[in-house]
Amino acid sequence: IRMSSNQMKEYFMVLVNMTMSLHSMEVVNRLTTAVDVPPEFLHLYIANCISACEKMKNAFMQNRLVRLVCVFLQSLIRNKIINVQSIFIEVQAFCIEFSRIREAAALFRLLKTLDGSTGGPAMAPGPTSPNPTTGVAP
């Protein structure tokens, strides 16, 4: 089945605005492996997932949702479907907020590992950073 780009945009927007659930995450996860999903759609969907976790009042359901989002994000990252640097700050803040949850701590460690290997903003000192021992810039 072929869809026009307008139909695809409509389809993506429906998914973004759906109530977040295991099923909607499964659909998005499978979709990302089948077609090229626009990065702006993925970022919006991730932002909505994070927002849904933060707004959840029931502690049990919140923990469950956070775990699902963490596993979903790990899948996107490991399969190189999203550029980690483009969502790094939002996801890092999410992991810190929910650090009591094992999956969030694991996602945080994954982010830190990738950040260190890519020379990302949180780990790489700038060229004029002072030497921590001498306090003198190079």
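## Close-up views of a six-helix predicted model

**View A. Cys95, a buried cysteine without a disulfide partner.** Cys95 has a relative accessible area of 2%, which means that the residue counts as buried. The model shown is predicted. Cys70 holds the closest cysteine sulfur to that of Cys95. The two sulfur atoms lie 5.5 Å apart, too far for a bond. A disulfide would need the pair within 2.5 Å.

**View B. Cys53, a second cysteine with no bond.** The relative accessibility of Cys53 is 0%, so this residue is buried. Its closest cysteine sulfur belongs to Cys49. The gap is 7.0 Å, again too far for a bond. Across the structure, the number of disulfides is zero. Cys53 also appears among the contacts of Gln62 and of Val66.

**View C. The whole chain, an all-helix arrangement.** The protein chain has six helices and zero strands. Read from the N terminus, the order of elements is α-α-α-α-α-α. The chain has 138 residues, and 33% of them count as buried. Take contacts between residues at least 6 apart in sequence: 60% of these join residues at least 24 apart.

**View D. The largest nonpolar core.** This core has 37 residues. Which of them touch the most other members? They are Phe41, Tyr45, Ile46, Val66, Val69, Phe94 and Leu107. At least two core residues come from each of helix 1 (5-17), helix 2 (22-34), helix 3 (39-55), helix 4, helix 5 (84-97) and helix 6 (102-118). Helix 4 gives the largest share, eight residues.

**View E. Val66 and its surroundings in the core.** Val66 is one of the core residues that touch the most other members. Beyond its neighbours within four places in sequence, Val66 contacts Cys53, Phe94, Phe98, Ile101 and Ala104. Phe94 is also on the list of core residues touching the most other members.

**View F. Helix 2 against helix 4.** The axes of helix 2 and helix 4 are 11 Å apart and meet at an angle of about 0°. The two helices are therefore roughly parallel. On the helix 2 side, the contact involves Leu22, Met25, Val28, Asn29 and Thr32. Helix 4 answers with Leu68, Val69, Phe72, Ser75 and Leu76. What is the make-up of this contact, by nonpolar, polar and charged residues? Seven residues are nonpolar, three are polar and no residue is charged.

**View G. Gln62, a buried glutamine in helix 4.** Helix 4 covers residues 59-78 and includes Gln62. Gln62 has 12% relative accessibility, so it counts as buried. Leaving aside residues within four places in sequence, its contacts are Cys53, Glu54, Met56, Phe98 and Arg100. Phe98 and Cys53 are contacts of Val66 as well.

**View H. Gln74, another buried glutamine of helix 4.** Gln74 sits in helix 4. With a relative accessible area of 13%, Gln74 is buried. Apart from neighbours within four places in sequence, Gln74 touches Glu103, Ala106, Leu107 and Leu110. Leu107 is among the core residues that touch the most other members.

**View I. Ser24, a buried serine in helix 2.** Ser24 belongs to helix 2. Its relative accessible area is 2%, so Ser24 is buried. Which residues does Ser24 touch, not counting those up to four places away in sequence? The contacts are Met18, Thr19 and Tyr45. Tyr45 is also named among the core residues touching the most other members.

Technical notes. Residues numbered from 1 in each chain as written. Predicted model: local features only at pLDDT ≥ 70, side-chain atom pairs only at ≥ 80, totals over all residues. Heavy atoms only, no water. Buried < 20%, exposed > 50% of the residue type's maximum accessible area, 1.4 Å probe, protein only. Helix = DSSP H or I, 4+ residues; strand = E, 2+ residues; numbered from the N terminus. Contact = heavy atoms within 4.5 Å. Core = buried A, V, L, I, M, F, W, Y, C linked by side-chain atoms within 4.5 Å. Axes fitted to C-alpha atoms, helices over the stretch in contact; angles between N-to-C directions. Parallel < 35°, antiparallel > 145°, perpendicular 65-115°, else oblique. Nonpolar A, V, L, I, M, F, W, Y, C, P; charged D, E, K, R; others polar.
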